[in-house]
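Here is a set of exercises to work through with the model open beside you. Try each task yourself before reading its solution.

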Amino acid sequence: MQESKMFTPRDVTVSGTQFHIFPFGAFKAANLSGELAQLAIPLIAGISALPTGEGEDPLDADLEKIAPALSGAFDSLSGDKVENLLRKLVLNKNVSVDYEDETVYLTEELMNEIFCCDIMGIYMLAFEVIKTNYGGFFKKLGNLSGSVTEKVSTLTKAAGLRNTETST
């Protein structure tokens, strides 16, 4: 019998701590996709601009290299939206953590303890959850024809987001 995808975690290390990310169910992933669209456009733009080797996936870049793009993507949302999205991404029993010699589900209290004075760590964990659950979306986007700038511009227009660049 094949092991269920939902019960097979993806192990990641963020800020020196080992996390186990379990995939969302289909309906949970669909529910969050609308909220993630607001985050994804600036995130895709920032990550796609990173230099990679030929055939390399920008999503596989070292977390430290994508940190500025990640921060900028979350900065594009209001504080309340960021907090709400982070809670939905990591505090719904889909992330466990190795903490004090046991593996436990991530809670708000543990988040506060692990990421005290490390806001980028929270963003990097959220990115890993997004990558685990929506990685296929990013890969399909990257395989479309046209330049990254054209893709992001098209997505921005489709999402109804205003252009934040100023022309001179």
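## Exercise 1: A polar residue and its surroundings

N133 has its place in helix α5. This is a predicted model, so please read every value below as computed from predicted coordinates.

Task: Is N133 buried or exposed, and which residues does N133 touch?

Solution, step by step:

- Begin with the cut-off: a residue counts as buried when its relative accessible area is under 20%.
- N133 has a relative accessibility of 17%, so N133 is buried.
- Next, look for neighbours, leaving out residues up to four places away in sequence: N133 touches F22, P23 and F24.
- Finally, check the polar side of this contact. The side chain of N133 reaches the backbone nitrogen of F24 at a distance of 2.5 Å.

## Exercise 2: The sheet

Task: In what order do the strands of the open sheet lie, and which strands are at its edges?

Solution, step by step:

- Start with the inventory: the chain has six helices and four strands. Read from the N terminus, the elements follow the pattern β-β-α-α-α-β-β-α-α-α.
- Now place the strands side by side. Four strands make an open sheet in the order β1-β2-β3-β4, with antiparallel pairing.
- The edges are β1 and β4 (102–105), each of which pairs on one side only.
- For the geometry, ignore direction: on average, neighbouring strands of this sheet are turned by 30° against each other.
- A reminder that helps here: strands of a sheet pair through backbone hydrogen bonds, in either a parallel or an antiparallel way.

## Exercise 3: The hairpin of β1 and β2

Task: How many bridges pair β1 with β2, and which residue is the bridge partner of D11 in β2?

Solution, step by step:

- Locate the two strands: β1 covers residues 10–14, while β2 covers residues 17–21.
- Count the bridges: β1 and β2 pair in the antiparallel sense over five of them.
- Pick out one pair: D11 has H20 as its bridge partner in β2.
- Look at the turn. The hairpin has two residues between the strands, and S15 takes a positive phi near 50° there.

## Exercise 4: Salt bridges

Task: How many salt bridges does the structure hold, and which residues are joined into one network by shared partners?

Solution, step by step:

- The structure holds three salt bridges.
- Take R10 and E128: their closest N and O atoms are 2.5 Å apart. R10 belongs to strand β1 and E128 to helix α5 (residues 119–143), so this pair ties together parts that are 118 residues apart in sequence.
- Compare the accessibility of the two partners. R10 is partly exposed at 28% relative accessible area, whereas E128 is buried at 6%.
- Turn to R87 and E83, whose side chains meet in a salt bridge at 2.9 Å, N to O. R87 and E83 are four residues apart in helix α3 (residues 79–90), which means a separation of about one helical turn.
- Both of these residues are partly exposed: R87 has a relative accessible area of 33%, and E83 has a relative accessibility of 40%.
- Now add E108, which forms a salt bridge with R87, the closest N and O atoms lying 3.0 Å apart. E108 sits in helix α4 (residues 108–114) and R87 in helix α3, so parts 21 residues apart in sequence are tied together.
- E108 is partly exposed too, at 35% relative accessibility. Through salt bridges that share partners, E83, R87 and E108 form one network.

## Exercise 5: The chain as a whole

Task: What percentage of the residues count as buried, and what part of the contacts with a separation of 6 or more is made by residues 24 or more positions apart?

Solution, step by step:

- Of the 168 residues in the chain, 37% count as buried.
- Among contacts with a separation of 6 or more, 63% link residues 24 or more positions apart.
- For the surface, the accessible area of the chain is about 10,300 Å², and carbon and sulfur atoms contribute 53% of that area.
- End with a pair you can check in the viewer: I119 and S71 are 48 residues apart along the chain, and their C-alpha atoms are separated by 9.1 Å. I119 is in helix α5 and counts as partly exposed at 47% relative accessibility.

Definitions and conventions
Residues are numbered from 1 along each chain as its sequence is written. This is a predicted model: local features need pLDDT of at least 70, side-chain atom pairs count only at pLDDT 80 or more; totals for chains, interfaces and linings use all residues. Side-chain values use heavy atoms; hydrogens and water are left out. Buried means under 20% relative accessible area, exposed over 50%, partly exposed in between (1.4 Å probe, protein chains only). Contact means heavy atoms within 4.5 Å. Accessible areas come from the Shrake-Rupley method with a 1.4 Å probe; for residues, only the protein chains shown count as cover. A salt bridge is a side-chain nitrogen of Lys or Arg within 4 Å of a carboxyl oxygen of Asp or Glu. Two strands pair if DSSP finds at least two bridges between them. Axes are lines fitted to C-alpha atoms, for helices over the stretch in contact, and angles run from 0 to 180 degrees between N-to-C directions. A polar contact is a pair of N or O atoms within 3.5 Å; within protein, one must be able to donate a hydrogen and the other to accept it, and residues adjacent in sequence count only if both atoms are side-chain atoms.
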